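Welcome, and thanks for taking a look at this one with us. Please have the sequence and the 3D view open side by side as you read.

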Amino acid sequence: MKSVFIRTTINGKTREHDVRPNMTLLDFLRDELGLTGTKRGCEVGECGACTVLMNGQAVNSCLVLVPQIDGQDILTVEGLAEGERLHPLQESFLDHDAVHCGFCTPGMLMSGKELLEHTPNPTEEETRTAISGNLCRCSGYQQIVDAIRETKAAGIEKSK
Amino acid sequence: MKPFEYYSPRSLPEACALLAEIGVDARILAGGTDVLVEMRKPGSSSSKAVVDITRIPLLRGIEESGDEIVIRPLTTHAEILHSKIVERHAPLLRSAVAGIGSPQIRHRGTVGGNIMNAAACADTVPPLIALNAKVKLLSSKGERTVELSEFFLKPYVTVAQRDEILVEIRFPKLPANARSSFVKLGRRNALSIARLSVAAVTAITDTGVINDARIVTGAAFPKWQRVPEAENVLLGQKPSRTLFDEAGKKVSEALISFTGWRWSTEYKEPVIAVLVRRALEACK
């Protein structure tokens with residue numbers, strides 16, 4: 001098995017790697033880069049715990065083969081905060097007690113982030129659709145929905 | 001995942017040459033939402049090579065071509081969902097992709113992959129058969145076009161050879177007076193596999209009678225097909241609940257005559273009839 005050369009941007013930083021092709025993006029992030037914020041859940045694309053943004057779109061990193069990120073832009077949960085300053089969406093999750101055990105949280109944040117990028121003022125239904133690929137087994141969906149919807153005000157204020 | 005050689009051809013001739021050279025050991029990768037799950041299953045057959053076709057630009061996009069719509073196979077479910085062309089000329093296909101998986105799956109999964117994987121629950125297939133779609137297959141030996149209704153042999157088995165690439169899906173635009181729908185029965189809304197589904201098209205003349213009727217069920221028959229027994233009930237008639245119930249009953253009868261009486265038939269027989277009626281009522 002020949003390794004494959006990839007050049008990719010992860011959390012704003014350009015990286016070059018020779019990778020084994022029989023690895024998923026999830027394996028690569030966690031096992032090669034140590035970015036363990038992205039969680040390993042079902043590994044069949046049903047739980048959404050491994051959600052990252054690829055060119056701004058939420059994808060299950062367990063369903064992307066690592067050579068497929070060559071030339072692509074990847075954002076993981078580690079890329080949300082700026083230094084010590086949490087992203088407004090993360091602040092909102094804290095404010096709304098939207099984190100219970102925390103396992104679904106990185107995926108929820110990334111799905112929420114994509115939604116807010118193109119729909120800054122989402123309805124309840126739009127929000128629920130946006131996180132429909134993310135399972136929370138603590139069943140705290142309402143707080144998560146509220147946290148995402150009420151982020152926009154914070155986000156807009158901060159960007160002013 | 002077992003080891004394999006990875007190839008990412010940049011053109012169709014390059015991809016065809018690779019598939020011809022590697023032969024049956026090659027696995028074509030597109031969106032990966034089925035293939036990557038399959039490749040990690042314990043005991044799954046190993047592939048010596050993965051041919052990732054996602055770098056071939058000619059395989060993406062939706063366009064109008066005269067009275068027809070052309071969808072290239074790497075078009076994602078999300079792209080179909082947001083396509084104005086599909087919304088206008090094939091709204092039942094839009095309804096079907098809206099319910100596939102989750103946002104994450106719709107961003108990666110492709111219509112070509114949905115067809116080539118050929119799972120009985122593939123949601124794009126009943127609408128595409130109702131649209132009279134044809135698919136074009138390409139290999140180093142040449143190309144051929146196959147009616148989608150004749151493309152599937154049984155679940156997970158199609159007429160496509162291992163070295164053939166699906167390069168185009170083409171269907172006529174729905175007539176201006178046609179209405180269409182797709183209804184699906186699943187265990188929940190998101191991430192649900194279709195237990196049963198129905199794609200329907202009806203067109204009504206100025207005098208109020210149905211002059212075009214197409215009904216295709218998903219996950220019901222051993223393979224997808226239109227149900228002429230039910231369509232004929234509708235033709236030349238004025239739409240009514242009684243008529244739609246009768247069409248539903250014909251689909252139930254056709255289902256039983258095909259599959260025989262199975263453990264699930266007691267459930268499916270009345271339910272498919274109701275789904276057909278709902279699909280016809282939703283053609284507005």
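Below is a short tour, going from the overall build of one chain down to single strand pairs.

This is a predicted model, so please read every value here as computed from it. Chain B gets most of the attention: its secondary structure comes to 11 helices and 13 strands. With a radius of gyration of 19 Å, close to the 19 Å that the globule rule gives for 284 residues, chain B is as compact as a globular protein of that length.

**Overall build of chain B**

- Taken along the principal axes, the box filled by the C-alpha atoms of chain B is roughly 60 × 45 × 35 Å.
- Of the 284 residues in chain B, 49% are buried.
- If you count the contacts in chain B between residues at least 6 apart in sequence, 63% of them join residues at least 24 apart.

**Domains of chain B**

- Three domains are assigned in chain B: domain 1 covers 5-55, domain 2 covers 57-172 and domain 3 covers 182-281.
- The centres of domain 1 and domain 2 of chain B, taken over C-alpha atoms, are separated by 19 Å.
- Where these two domains of chain B touch, 16 residues of domain 1 are in contact with 19 residues of domain 2.
- On the domain 1 side of that contact in chain B, α1 (12-22) and β2 (26-29) each supply at least two residues.
- Helix α1(B) provides the largest share of the domain 1 side, with six residues.
- By class, the domain 1 side that touches domain 2 of chain B has 11 nonpolar residues, four polar and one charged.

**A buried helix in chain B**

- Which residues of helix α5 (residues 91-98) of chain B are buried? They are L92(B), L93(B), S95(B), A96(B) and V97(B).
- Helices that cover the buried residues of α5(B) include α3 (77-81), α4 (84-89), α6 (103-108) and α8 (125-130) of chain B.
- Strands take part in this cover too, among them β11 (178-185) and β12 (196-204) of chain B.

**Strand pairing around β6 of chain B**

- Strand β6 (residues 134-139) of chain B pairs with strand β7 (residues 142-147) of chain B in the antiparallel sense, over six bridges.
- The connection from β6(B) to β7(B) is a hairpin through two residues.
- Strand β6(B) is also joined by five bridges to strand β10 (residues 165-172) of chain B, and this pair runs antiparallel.
- K134(B) is a handy residue to find in the viewer: its bridge partner in β7(B) is E147(B), and its bridge partner in β10(B) is R170(B).

**A hairpin in chain A**

- In chain A, strand β1 (residues 4-10) and strand β2 (residues 13-19) pair in the antiparallel sense over seven bridges.
- I10(A) has K13(A) as its bridge partner in β2(A).
- Two residues lie between the strands of this β1(A) and β2(A) hairpin, where N11(A) takes a positive phi near 50°.

**Where chains A and B meet**

- How many residues of chain A are in contact with chain B? There are 25, and they are in contact with 25 residues of chain B.
- Strand β4 (residues 57-60) of chain A gives the most to the chain A side, with four residues.
- The side of chain A that touches chain B holds 11 nonpolar, 11 polar and three charged residues.

Key. Residues are numbered from 1 along each chain as its sequence is written. Chains are lettered from A and ligands numbered from 1 in the order in which they are written. This is a predicted model: local features need pLDDT of at least 70, side-chain atom pairs count only at pLDDT 80 or more; totals for chains, interfaces and linings use all residues. A residue is buried if 20 or more other C-beta atoms lie within 10 Å of its own, exposed if 12 or fewer, and partly exposed in between; C-beta atoms are placed from the backbone. Two residues are in contact if their C-beta atoms, placed from the backbone, lie within 7 Å. Two strands pair if DSSP finds at least two bridges between them. Ala, Val, Leu, Ile, Met, Phe, Trp, Tyr, Cys and Pro count as nonpolar, Asp, Glu, Lys and Arg as charged, and the others, Gly among them, as polar. The radius of gyration is taken over C-alpha atoms; the globule rule is 2.2 Å times the number of residues to the power 0.38. Domain bounds come from an automatic or database domain assignment.
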